[in-house]
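Welcome, and thanks for taking a look at this one. Below is a short tour of its sheets, helices, cavities and backbone details.

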Amino acid sequence: MKKRAKWIPTLTAAVMLAGVSAGCTQGGGDRGAASSTDKPSSTAAGQGPVYPIQGGIKLKYWTHLPANTSAIAKNIGETEFAKELKKRTGIEVEYIHPASGKEDEQLNLMIASGDLPDIIEYDWTKYPGGPEKAISDKIIAKLNNLQDQYAPNWSKYLKQHPDIEKMVKTDEGSYYSFPFIRGDQGLLVSAGPVLRKDWLDDLGLQTPTTIDEWHTVLKAFKDKKGATAPFSPYWNFQNSVLSWGTFIGAYGITKGFFVDNGKVTYGQIEPAYKDFIVTMNQWFKEKLLDNNFATLDTKTVDANILDGKSGATVASAASGVAKWTTTMKDKDPKFKVIGAPYPVLKQGDKPQFGQYSLPFVGFGSAISANSKNKEAAAKFLDFLYSEEGQMLANFGVEGKSYTKENGKPKFTDVIVNNPNKLPLSQAMANYTLSHDMGPFVQSADVMQTMIPVQAEAVKVWANTDAAKHFLPPVFVSPEQREAMAKIMNEVTTYENEMLLKFIMGTEPIDNFDKYVQQMKKLGIEKAIDMQQAAFDRYNKR
């Protein structure tokens with residue numbers, strides 16, 4: 001195929017997606033999928049594809065290789081999931097995996113070469129100009145007609161879920177991928193504040209719900225438990241932790257763009273941001289906030305929590321609460337961590353912010369514009385949105401990786417007590433897509449793998465109004481994208497620099513107004529206006 005002479009800019013250069021404050025979370029799914037049969041079946045004539053599809057079709061599928069999968073196989077095609085998918089769809093797939101951490105770079109090179117596989121899984125909201133530009137650049141196909149004719153399962157789902165339908169298309173009404181969807185509210189939250197419950201009990205303290213109560217608890221951890229870093233954030237303080245509204249949310253704002261009564265706002269220029277910084281500076285001076293917070297990594301925080309140097313953090317239900325609980329089960333039976341509510345200023349108020357992810361976060365499997373197998377690719381991907389495909393994607397093969405009890409899927413010991421001693425997530429990676437992402441709707445029943453303290457933490461963290469303030473996947477206009485990228489690159493660099501200075505005390509808080517003026521000079525108000533216009537267009541979709 002003739003190579004494209006056109007230069008393709010780096011895919012991460014332009015800031016196109018307005019919802020920049022999304023957090024990481026487990027996937028979600030459709031509860032209805034769990035009641036389906038797992039027996040292979042054909043679709044009646046006139047109602048969609050008949051599986052397995054005849055004709056010896058072969059497809060090429062470019063997708064990342066999840067860490068859990070790479071621990072057990074060199075290619076997704078080697079997994080039991082892929083083998084079963086081939087058997088049921090009748091389509092042979094060659095999976096192509098970019099090097100981990102090099103996805104953007106290798107996709108860029110692949111696009112420039114013009115040699116594209118049939119299916120490309122990617123976050124197309126990151127493409128310069130957004131997915132609509134990827135369509136006009138003839139990189140990916142517009143799927144509207146293909147969906148109508150060859151994807152009855154996905155089309156049916158969209159009709160039943162108009163809120164999702166709004167998210168997965170462009171302002172121009174173009175569908176561009178078969179996406180990963182979290183189909184249950186219980187799967188949109190997976191992280192939040194974590195505390196040593198055994199320490200609280202020893203000190204006769206209740207789980208804190210306000211900023212003042214948190215100060216009391218952290219001070220007690222330092223003075224009476226010998227914690228040298230009472231609060232030690234598990235992830236990057238400037239980005240994930242603050243974007244989730246941890247502590248900052250108590251002041252009625254969060255980091256980045258958010259929605260307040262239909263108006264797009266930017267937290268770091270609001271007067272309340274100063275109040276938050278004053279509190280963090282106080283905690284830093286009193287050594288309640290880990291004084292190494294700017295350079296912490298997850299291994300260090302793991303050690304801090306397990307060794308008693310820290311008694312509070314912000315972490316996920318899986319890599320934090322569950323991991324620490326199981327690790328210390330035999331080493332220290334008294335050790336106990338719990339998920340704590342996102343704090344507020346006034347006791348009894350409901351937290352307005354917290355870690356939250358949209359049902360759709362941008363990732364999806366697009367069909368290449370130059371694919372000669374568009375129809376087959378659409379049929380192949382649509383299978384995973386059928387009842388049978390949902391069961392396979394979420395739970396694997398009935399009788400092997402799961403059974404049914406009272407109509408509900410239940411993972412077998414192949415998953416939860418793997419004979420080869422594989423961790424649960426790696427065992428799931430061999431049989432399912434639900435350990436990671438993919439073109440399917442993830443079922444809430446995958447949460448059965450949670451241990452009780454983990455499930456309770458998620459329940460506590462979910463009690464916020466974060467969904468009301470979360471900016472959906474919207475796009476600035478093509479003519480604004482370069483200006484938006486320039487503004488946000490400069491704004492983000494400056495605000496992160498000043499946040500550290502304010503908290504550490506190297507910049508007087510009296511200079512906060514000067515900081516805000518500089519943010520405005522860098523163009524943050526223009527960026528807010530662009531986001532507002534994009535949000536208004538989204539609401540008209």
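A good place to begin is the hairpin of β7 and β8, which has two residues between its strands and in which N261 takes a positive phi near 55°. Please keep in mind as you read that this is a predicted model. From the hairpin, the briefing moves to the two open sheets, then to a helix pair, the cavities and a few backbone details.

**The β7–β8 hairpin**

- Strand β7 covers residues 257–260 and strand β8 covers residues 263–266, and the two pair in the antiparallel sense over four bridges.
- Which residue of β8 is the bridge partner of F258? That partner is T265.
- F257 has its own opposite number in β8, namely Y266.

**The five-strand sheet**

- Five strands make up an open sheet with mixed pairing, and their order is β2-β1-β3-β11-β4.
- At the edges of this sheet are β2 (92–96) and β4 (178–179), each of which pairs on one side only.
- Inside that order, β1 (residues 58–62) and β3 (residues 119–123) pair in the parallel sense, with two bridges between them.
- If you would like a landmark for this pairing, look for W62, which stands opposite I120 in β3.
- As a reminder for viewing any such sheet, side chains in a regular strand alternate between the two faces.

**The three-strand sheet and its helix**

- A further open sheet has three strands in the order β9-β6-β10, and its pairing is antiparallel.
- Here β9 (312–316) and β10 (337–339) are the edge strands; each has a single partner strand, so one side of each is left without a neighbour in the sheet.
- From one strand to the next, the twist of this sheet averages 35°.
- How many bridges join β6 to β9? There are five, and β6 (residues 191–196) runs antiparallel to β9.
- Within this pairing, G192 has A315 of β9 as its bridge partner.
- Helix α13 (residues 317–328) lies across β6, β9 and β10, and runs at about 115° to β9.

**Packing of α9 and α11**

- Two packed helices are described by the angle between their axes and the distance between the axes.
- For α9 (residues 211–224) and α11 (residues 271–285), the angle is about 10° and the axes are 12 Å apart.
- Because angles under 35 degrees count as roughly parallel, α9 is roughly parallel to α11.
- On the α9 side, the contact is made by I211, W214, H215 and L218, while α11 brings T279, Q282 and W283.
- Sorted by class, the contact of α9 with α11 has four nonpolar, three polar and no charged residues.

**Cavities**

- The structure holds two cavities of 30 Å³ or more.
- The largest cavity contains about 200 Å³ of space.
- Which of the 20 lining residues are the closest to the centre of the largest cavity? They are I76, F81, Y95, L433 and M437.
- By class, the lining of the largest cavity has eleven nonpolar, seven polar and two charged residues.

**Backbone details to check**

- The peptide bond from Y51 to P52 is cis, and its omega is near -5°.
- You will find P52 in the segment before β1.
- What sign does phi have at K287, a residue other than glycine? Phi of K287 is positive, with a value near 60°.
- K287 has its place in the loop between α11 and α12 (298–307).

Terms used
Residues numbered from 1 in each chain as written. Predicted model: local features only at pLDDT ≥ 70, side-chain atom pairs only at ≥ 80, totals over all residues. Heavy atoms only, no water. 1 Å grid on protein atoms, 1.4 Å probe; cavity = no way out; pocket = protein on both sides within 12 Å on 5 of 7 lines; lining within 4 Å. Points joined across faces, edges and corners; volume = space filled by probe spheres on them. Nonpolar A, V, L, I, M, F, W, Y, C, P; charged D, E, K, R; others polar. Pairing = 2+ DSSP bridges. Axes fitted to C-alpha atoms, helices over the stretch in contact; angles between N-to-C directions. Parallel < 35°, antiparallel > 145°, perpendicular 65-115°, else oblique. Contact = heavy atoms within 4.5 Å.
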